[in-house]
Amino acid sequence: MSTFYPDYDHQYNPQRVEIPPSKPLLTAVKSSVRETFFPDDPFRQFKNQPASKKAVLGLQYFFTILEWAPRYNLGYLKSDLIAGITIASLAVPQGISYATLANVPPIVGIYGSFIPPIIYAIFGSSRDIAIGPVAVASLLLASILAKEVSPTDNPKLYFQMALTSGLFSGILQASLGFLRLGFVVDLLSHATILGFMGGAATTVILQQLKGVLGIKHFTHKSDVVNVLKAVFSQYHEWKWEPAVMGISFLIFLLVTKYFGKKRPAFFWISALSPLFCVIVGSLMAYLTHAEKHHIGVIGHLKKGLNPVTVSDLTTVFNSSHLAVSIKAGFISGIIGLAEGIAVGRSFATVKNYHIDGNKEMIAFGLMNIIGSFFSCFLSAGPFSRSAVNFNAGCKTQVSNIVMAFIMMLTLLFMTPLFQYTPHVVLCSIIMMAMIGIMDVPAAIHLWKVDKIDCMICLGAFLGVSFGSVEIGLSIAVVISLLRLILFIARPRTLNLGNLPNTSTYRSIDQYTAAKNVPGVLILQIDSPIYFANSNYLRERISRWVYDEEDRIKSSGETSLQYIILDISTVGGIDTSGISMLEEVKRNLDRKSIQLVLANPRSEVIKKLDTSKFIETIGREWMFVTVGDAVEACKFLLHSSKPSPGEENAKTPEDNV
């Protein structure tokens with residue numbers, strides 16, 4: 001078919017597609033870098049400001065306390081005090097429990113709720129996150145580090161490795177923030193985190209059976225099979241006293257949590273219940289001499305503020321265990337970061353304010369780097385503690401400062417009060433927290449909405465539960481990346497039809513009322529066209545042509561004369577994609593079918609122009625909208641209809 005610009009005799013005059021002027025290379029690179037690393041345009045506030053104002057804004061950007069502190073309303077103080085005291089009551093039992101889970105000294109869990117929250121209040125942007133140790137990160141450290149060094153045979157070296165892991169977690173987190181690489185964390189999708197957390201919670205709950213049943217000899221492995229094997233193979237070590245105490249406290253914690261959910265005004269009952277269990281359990285252990293009844297206690301807790309541990313870090317740096325510490329730090333750092341940012345964003349959405357993901361990474365990183373110098377292992381924003389902070393009515397980061405102040409008083413004066421805390425009480429607190437992490441309704445929702453997301457969630461869950469933390473995480477990330485690759489390599493192509501009495505064209509599969517245009521096949525490509533999908537798109541377009549020709553033959557309609565490609569959703573194209581369009585054009589020319597393009601995007605049409613493809617197809621066959629393209633094709637069809645035998649005159653060589 002010859003290519004000429006249709007003469008509509010003033011009956012139809014469509015807007016021509018314009019080719020934007022090309023930008024200088026440096027300008028284009030700067031624009032691409034800005035869109036990749038600075039999509040939120042953090043430098044916008046510095047524009048047209050004097051140097052002194054820019055200096056102040058720069059300090060406020062990195063030290064967020066300088067931004068919110070001058071505007072702090074004393075009316076917020078009451079709410080922040082109540083919230084800080086409430087989360088402090090939860091921080092002590094949780095900190096001791098999670099430190100035990102990580103196989104580090106119990107007092108370290110309290111250390112993690114003193115210095116890191118202060119650092120976060122200075123640099124962090126979330127008003128609702130409550131900082132402290134997290135269960136899943138504690139499990140990660142225990143599962144990775146224990147394979148290298150036994151926490152029972154060499155507790156000092158193990159603790160030094162945990163501190164080093166915390167340091168490298170902070171380095172990774174801060175680096176991602178400073179380099180604006182927050183999108184790396186987005187590779188851990190919601191489904192991945194959900195399955196990973198569920199699997200980790202399952203293994204943690206089963207591991208607590210050691211303390212609940214009073215078992216002395218237990219496996220160091222974390223998978224479900226080995227843990228259950230250890231539980232039932234040591235049935236002769238089971239003791240009824242810790243079992244009764246542990247189950248009783250667990251039931252109490254679950255009941256108070258349920259009551260707190262049903263009656264939000266009484267959230268404080270659920271928040272204070274772990275501390276209540278610690279106090280009651282300690283009194284029972286002290287009065288009944290619990291050791292005589294097979295109930296172990298945590299023992300002496302060192303009084304005083306966080307010791308400086310820089311020398312402990314240098315010990316690991318000069319040892320052969322550095323690589324394992326770095327590995328544990330990176331993995332736990334990513335998980336802690338993903339959980340913390342997700343928690344912060346969820347509460348920020350409810351309160352209608354914005355948190356900066358890159359600022360959060362810097363804040364998390366700095367608090368873990370500085371914390372590792374002062375006896376703290378990885379800290380993040382645990383959901384349970386942050387939810388209590390939110391429900392307690394916190395207004396600003398001052399609630400974290402209040403909690404840190406109470407932790408300081410606890411370390412200075414009150415740590416001896418917790419030396420009689422039974423291990424089984426800590427096990428109950430951990431089990432209750434882990435049950436809260438297992439979000440079964442969310443998994444069911446995934447199954448209803450997106451089966452592949454549910455498979456990703458299930459893969460992470462099974463990998464962690466029956467393999468290891470690393471295996472579960474690897475499975476989930478691999479499945480997520482495969483899905484991403486499939487989205488790119490196998491994009492959707494849609495057959496569009498006209499909605500009656502409108503100039504709108506939509507998918508025929510979605511809109512049953514949409515009608516085909518006689519002699520015209522309208523296809524929409526729903527993805528950028530790159531080397532990874534160009535061959536697939538060529539074959540898929542050919543298949544659409546075969547199917548349309550078969551439909552036309554069976555219905556006796558006008559033979560196929562035009563193919564309109566709606567590329568309005570094609571955001572980019574590379575040389576492979578351009579070669580694909582050229583090949584499609586040649587194949588359609590052999591079949592006497594004209595290729596028409598509708599609504600090419602700016603970047604796409606510039607590349608088509610540079611590659612001379614526009615000269616090949618003819619600029620007259622490029623239109624701003626699908627409606628314009630259809631009207632032009634219909635006008636030409638009515639002006640010169642093909643002969644009845646034209647369709648049968650095609651030779652086998654005309655096939656696409």
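The following points comment on the cores, helix packing, backbone, a pocket and aromatic pairs of a predicted model.

1. Nonpolar cores. The largest nonpolar core holds 112 residues. Val 104 and Phe 196 have the most contacts inside this core. Apart from residues up to four places away in sequence, Phe 196 touches Val 136, Leu 140, Ile 335, Ala 460, Val 464, Val 469 and Leu 473. A second core, separate from the largest, comprises 51 residues, among them Leu 496, Val 545, Leu 588 and Ala 632.

2. Helix H17. This helix spans residues 383-391, and its buried residues are Arg 385, Ser 386, Ala 387, Val 388 and Asn 389. The buried residues of H17 pack against four helices: H4 (77-101), H13 (267-288), H15 (322-351) and H18 (398-414). After H17 comes Gly 393, which has a positive phi near 90 degrees.

3. Tyr 72. This residue is located in the loop between helix H3 (65-68) and H4. With neighbours within four places in sequence set aside, the contacts of Tyr 72 are Leu 77, Asp 80, Thr 396 and Val 398. Between the C-alpha atoms of Tyr 72 and Thr 219 the separation is 52 Å, and these two residues are 147 residues apart along the chain.

4. Positive phi outside glycine. Most residues other than glycine have a negative phi. Two asparagines deserve a comment in this respect. Asn 352 is not a glycine, yet has a positive phi of about 60 degrees. This residue is part of the loop between H15 and helix H16 (357-372). Because its relative accessibility is 71%, Asn 352 counts as exposed. Asn 501 likewise has a positive phi, near 65 degrees. Asn 501 belongs to the loop between strand S1 (493-498) and strand S2 (505-507). Its relative accessibility is 84%, so Asn 501 also counts as exposed.

5. The second largest pocket. The volume of this pocket is about 1,200 Å³. Its lining consists of 39 residues, and those nearest the centre are Thr 100, Asn 103, Lys 210, Gly 211 and His 423. At least two lining residues are supplied by each of H4, helix H7 (135-145), helix H8 (155-178), helix H10 (209-213) and helix H19 (423-437). H19 gives the largest share, five residues. By character, the lining comprises 19 nonpolar, 14 polar and six charged residues.

6. Aromatic pairs. The model contains 14 aromatic pairs. One of them, Phe 168 with Phe 317, is stacked, at 5.7 Å centre to centre and with 25 degrees between the planes. Phe 168 is in helix H8 and Phe 317 in helix H14 (residues 310-317), so this pair ties together parts that are 149 residues apart in sequence. Phe 168 counts as buried because its relative accessibility is 12%, whereas Phe 317, at 38%, counts as partly exposed.

7. A further stacked pair. Phe 347 and Phe 390 are stacked at 4.8 Å centre to centre, with 25 degrees between the planes. Helix H15 contains Phe 347 and helix H17 contains Phe 390, so the pair ties together parts that are 43 residues apart in sequence. With 8% relative accessibility, Phe 347 counts as buried. Phe 390 has a relative accessibility of 21% and therefore counts as partly exposed, since buried requires a value under 20%.

8. Aromatic cluster. Tyr 61, Phe 62 and Phe 178 together make up one aromatic cluster.

How values were computed: Residues numbered from 1 in each chain as written. Predicted model: local features only at pLDDT ≥ 70, side-chain atom pairs only at ≥ 80, totals over all residues. Heavy atoms only, no water. Core = buried A, V, L, I, M, F, W, Y, C linked by side-chain atoms within 4.5 Å. Buried < 20%, exposed > 50% of the residue type's maximum accessible area, 1.4 Å probe, protein only. Contact = heavy atoms within 4.5 Å. 1 Å grid on protein atoms, 1.4 Å probe; cavity = no way out; pocket = protein on both sides within 12 Å on 5 of 7 lines; lining within 4 Å. Points joined across faces, edges and corners; volume = space filled by probe spheres on them. Nonpolar A, V, L, I, M, F, W, Y, C, P; charged D, E, K, R; others polar. Phe/Tyr/Trp six-rings, centres within 6.5 Å; stacked < 30°, edge-to-face > 60°.
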